[in-house]
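User: I would like to go through a structure feature by feature, with the general idea ahead of each case. Please set out the conventions before the cases.

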2 protein chains.
Amino acid sequence: MVAGGLDGEDPMKVHRRMATALDDALAAIDAAQAAARSGAGDARPAWPLIILRTPKGWTGPKVVDGEPVENTWRAHQVPLDSVRENPEHLRQLEQWLASYDPVALFGESGEPAASLAALKPHGDARMSATPFANGGRIRTDLRLSDFRAHAVDTAGSRTVTASATHGFGEWLADVIRDNPDTFRLFGPDETVSNKLDAVFEVTDRVWAARLLDTDLNLARSGRVTEVLSEHLLQGLLEGYLLTGRHGILNTYEAFVHIVDSMFNQHAKWLEATRDIEWRRPISSFVYLLSSHVWRQDHNGFSHQDPGFLDVVVNKQAHLVRISLAPDANTLLAVMDKALRDVDTVQVVIAGKQDQPAWLSMDEAEAHVQRGAGAWDWAGTPGSPDRDDPLPDVVLACAGDVPTLETVAAADIIRHELPEVNVRVVNVVDLMKLQDQREHPHGFTDDQFDELFTTDRPVVFDFHGYPSLVHQLTYRRHNHDNIHVRGFQEKGTTTTPFDMAMLNDIDRFKLVLDVLEYVPGLSARHPDAKASLQERRDAAREYAYTRGEDHPDITGWEFGQG
Amino acid sequence: MVAGGLDGEDPMKVHRRMATALDDALAAIDAAQAAARSGAGDARPAWPLIILRTPKGWTGPKVVDGEPVENTWRAHQVPLDSVRENPEHLRQLEQWLASYDPVALFGESGEPAASLAALKPHGDARMSATPFANGGRIRTDLRLSDFRAHAVDTAGSRTVTASATHGFGEWLADVIRDNPDTFRLFGPDETVSNKLDAVFEVTDRVWAARLLDTDLNLARSGRVTEVLSEHLLQGLLEGYLLTGRHGILNTYEAFVHIVDSMFNQHAKWLEATRDIEWRRPISSFVYLLSSHVWRQDHNGFSHQDPGFLDVVVNKQAHLVRISLAPDANTLLAVMDKALRDVDTVQVVIAGKQDQPAWLSMDEAEAHVQRGAGAWDWAGTPGSPDRDDPLPDVVLACAGDVPTLETVAAADIIRHELPEVNVRVVNVVDLMKLQDQREHPHGFTDDQFDELFTTDRPVVFDFHGYPSLVHQLTYRRHNHDNIHVRGFQEKGTTTTPFDMAMLNDIDRFKLVLDVLEYVPGLSARHPDAKASLQERRDAAREYAYTRGEDHPDITGWEFGQG
């Protein structure tokens, strides 16, 4: 029926050997599954592997125009490239196609012969109809316990500290416990160092190799998959989501660039399939980037890169969500939204170090609901004898470290430049900055203007590259007054506060900016600039001589000034 | 001398076996090199491989606080973590360090013993001093023949067509011929399809596996390295540059994202080492992206992504150069600069399809020297009776397809809206757009204003995502009047002109923009909008019914209108 063969072997013999190999492989898989399901032992099954070696271009024309084709690189080209003009090419094409004996297979009418029709799978067994390729059909919503049970009690103080990922990890343990067959956590070997270790109270790392007595939290089955390859992790989670399940990939911010191209393709898949009527929604792909650019003190410059956000923002707006959690309670509320979402990519950035828990749980929920808003408690209280209803300056921030610096800067202003009316705006949902015409989450111009004013200076302290904020806001009325601080590729192995200073996102620099941008202010406070510069220099001096930040920085609390 | 051993084996026995293995391996390498250099046969040598298996934490404390350490995961932590407070920890640390017998090795004074000193390498054999780790020390400039010999003769017509990469490939063959030991071309299996096949007149693809009679341009040695893994290619070229040689990596624009993270680290390495006094400059890393977003007609949406530029621009400005060659002669002049450069990353984007060769070789050289400039021949000739010295509108472009559309749009305007004074500006060196204070290539504000005006509408047709042009120009005086067209993630398998229309970068859309932005123009030409829209719809209709672009589009020549 077909011509050719492996090194001249009769192809029918190869076909029969292939059929036997397939039968053997299916039997081996059945046996391995039966053994595993019976719970007998924990030996790793050796999965069958079929190696099929055939000549490249097998069954096609062996020689065209006197040149060998079969089993050469020419079989990868279009060897019969002139069928319209060249009768010999046309003859060879006809001969090749006729070698499949189409009349016997399909009859004169084109209907498949009965012997073929009997082989057809039916219903969901058809490749085009299997629910495993349309995962939304078998997807069920996650059972999510109340995240508020893991809230940090701030006691209204703004000074309680907590690790954002630690609190989230406790709730995540609930998620894994309550969804034992439909949720997995993926990551390089950083589950513990990212402070998600509470999950090990309810599950283990899945491990297929040898188990030792000294191993901790390794087991034959477990809902945590750790492997130091972001490529593998991304592929595993994509497959898990596409087949109707749920998961999170947690990794280093700088190294998530490794999967830029895979993220692109997943986003393109979501875009290309969103208008296909029969496709059901799948769970959103959730990235948790918790070892981020500002806290790579020990790893240094090679680990400092917040540019994944720029790659993400380039994809179509309705596909991507970016959340920068400023504290522990906010991260809980962000994650509750992200895990309920479908058909998007969710990028969540949150710190793992202890930081002030600025917001109570109720405040955090409301803040996440709005996506961005003024933190009145951090700004200047409204003065009844002030005529101007607008602030003199807006200090905006996105990201946990920039938020800390911004709140501290506002605190300095309230104590040392008390006549300045400052508004502190925190942005959780970054796409709020974009115009509503471009992103479904975007603020309308009115909403944006209400928060950022149309004519007051805005100093925006940003987690990533400053240009991203400009990119998102360049159409806003007040854009010319928005001055963005962010990562400027100034990095090294140094203290956290020195990293902030190297990139000009620190509290002192922000106050210096306010001095520069609020008209007349520096003239009224002729010594302020030198004083701020002096404290900045002293902080650097301390960091460089002691190898750690000054207690005035590490011990600072809201309200101290 | 040291404690521990492999599964309890005496460590001295392991040491002796390791020494023997090293001697054997070096002898095997010597023999393989001698055989290769004698030219005897072309058998592939089997390189020796030593597998050393030792317990994790070997020679360290075996048990700490009653918990096993050696050969467990605890050896990867800090097992003796309380030496200041815990006398037992301190004792164990002392015992461990003393096990190396430092007194015998270094004496009481700390001087290495004579037996150790005799082992020390000297001069360039020291690891810290080897020139192979400071490649600039052994780097020599490339011998570059005159690229002008491969110029397209445009005969002053603007209508001669040529493939940019084909012409460059001819010059590249000279480069390879003239630098047989210091230049390599790296890429996936696309040297031919990127139209660089002229190189195979002087060299072959290097190939270590079996050679067949039917193979073309495969050989045991050759200056072209093809492997379908951008990761491998990036790593190979980095190593080649770092050891003092030269090269180019050519690949698909969409898939160069695969090495985003490796690009980042190479750029960081360049940044981190540029102030080290003893390090000599190395050749710049040159990317040639020639299968780009706008010409993926057959591959479709998955192959359409121009976002590598956004990743590149985030690195420190002095490290990166981006060149978008609008035609064949420009690419030659761009590449001549790129191959002479040191200590940067050069990203060059150029098409491989036949396109108009707009510029003569002299014009192209002058244009590349400026980096961006007005193409007077494409705009409106100055009218002696016009009072206004400035154009009514600036049509700017960067990239070969946007340039074609822009020149065609200006042509339509000159024929159909003759009273509009239009200036065509082409940008080769993208960083010209950025402020000179941010990028060493950047235009001063005066230079920028001279080209783009301070108050006239600018319609900028861009190769990549529109936001990148905004990011680079947001500080410019005329920024509010710059309207950017570019890739909007609208892609599919369609004709080239339909791709342009899907993303609104086509000639008709540009003229529609001019109608919108030039005050009073659309009122004076009430039918123009409908006419342009009609032609656009007709072009789409033709593409969708015929599967190819309308002859009016494919056959358009400059001057036709």
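Analyst: What follows takes symmetry, a helix, a strand, backbone angles, single residues and cavities in turn. This is a predicted model, in which local features need pLDDT of at least 70 and side-chain atom pairs count only at pLDDT 80 or more, while totals for chains, interfaces and linings use all residues. Residues are numbered from 1 along each chain as its sequence is written, chains are lettered from A and ligands numbered from 1 in the order in which they are written, and side-chain values use heavy atoms, with hydrogens and water left out.

User: Which rotation superposes chain B on chain A?

Analyst: Copies are superposed by least squares on the C-alpha atoms of residues with pLDDT of at least 70 in both. Here a rotation of 180 degrees, with 0.1 Å of shift along its axis, brings chain B onto chain A at an RMSD of 0.1 Å. The two copies are thus related as by a two-fold rotation axis. The same surface serves both copies, in that 100% of the contact residues of chain B recur in chain A; contact means heavy atoms within 4.5 Å.

User: Which residue of chain B comes closest to the rotation axis?

Analyst: That is Q471(B), whose C-alpha lies at 2.9 Å from the axis. Q471(B) is one of the buried residues of α13(B).

User: How should I read the burial of that helix?

Analyst: An α-helix has 3.6 residues a turn, so residues three or four places apart point the same way. Helices are DSSP runs (H or I, at least four residues) and strands likewise (E, at least two), numbered from the N terminus. Buried means under 20% relative accessible area, exposed over 50%, and partly exposed in between, with a 1.4 Å probe and protein chains only. Helix α13 of chain B, residues 466–473, is mostly covered, with 8 of its 8 residues buried. Its cover includes α13 (466–473) of chain A, along with α8 (308–313), α12 (445–452), β16 (458–462) and β17 (482–485) of chain B.

User: What does R485(B) in β17 touch?

Analyst: Leaving aside neighbours within four places in sequence, R485(B) is in contact with F460(B), D461(B), F462(B), P466(B), D504(B), I505(B), K509(B), L510(B) and D513(B). R485(B) counts as buried, at 16% relative accessibility.

User: How do I read the two sides of a strand?

Analyst: In a regular strand the side chains alternate between the two faces of the sheet. In β14(A), V393(A), L395(A) and C397(A) point one way and V394(A), A396(A) and A398(A) the other, and all are buried. The strand covers residues 393–398. Two strands pair if DSSP finds at least two bridges between them. β14(A) has 5 bridges to β15 of chain A (residues 422–427), and the two run parallel. Within that pairing, A396(A) stands opposite V425(A).

User: What about unusual backbone angles?

Analyst: Most residues other than glycine have a negative phi, and most peptide bonds are trans. D65(A), not a glycine, has a positive phi of about 50 degrees, and R158(B), also not a glycine, has a positive phi of about 65 degrees. D65(A) lies in the loop between β1 (63–64) and β2 (67–68) of chain A, and R158(B) in the loop between α4 (114–117) and β3 of chain B.

User: Is each of these two residues buried or exposed?

Analyst: D65(A) counts as exposed at 57% relative accessibility, whereas R158(B) is buried, with a relative accessible area of 14%.

User: How many cavities does the structure hold, and what lines the largest?

Analyst: Rolling a probe the size of a water molecule over the atoms shows where empty space is left. On a 1 Å grid over the protein atoms alone, a cavity is a set of points where a 1.4 Å probe fits but cannot get out, and lining residues have an atom within 4 Å of a point. Grid points are joined across faces, edges and corners, and a volume is the space filled by probe spheres set on the points. There are 5 cavities of 30 Å³ or more, and the largest has a volume of about 60 Å³. Its lining includes A162(B), S163(B), A325(B), Q355(B), P356(B) and D400(B). β3 (161–163) and β12 (354–356) of chain B are the elements that give two or more residues to that lining.

User: What is T330(B) in contact with?

Analyst: Beyond its neighbours within four places in sequence, T330(B) is in contact with A325(B), L359(B), A364(B), V368(B) and V428(B). T330(B) is found in helix α9 of chain B, residues 328–340, and is buried, with a relative accessible area of 0%.

Technical notes:
1 Å grid on protein atoms, 1.4 Å probe; cavity = no way out; pocket = protein on both sides within 12 Å on 5 of 7 lines; lining within 4 Å.
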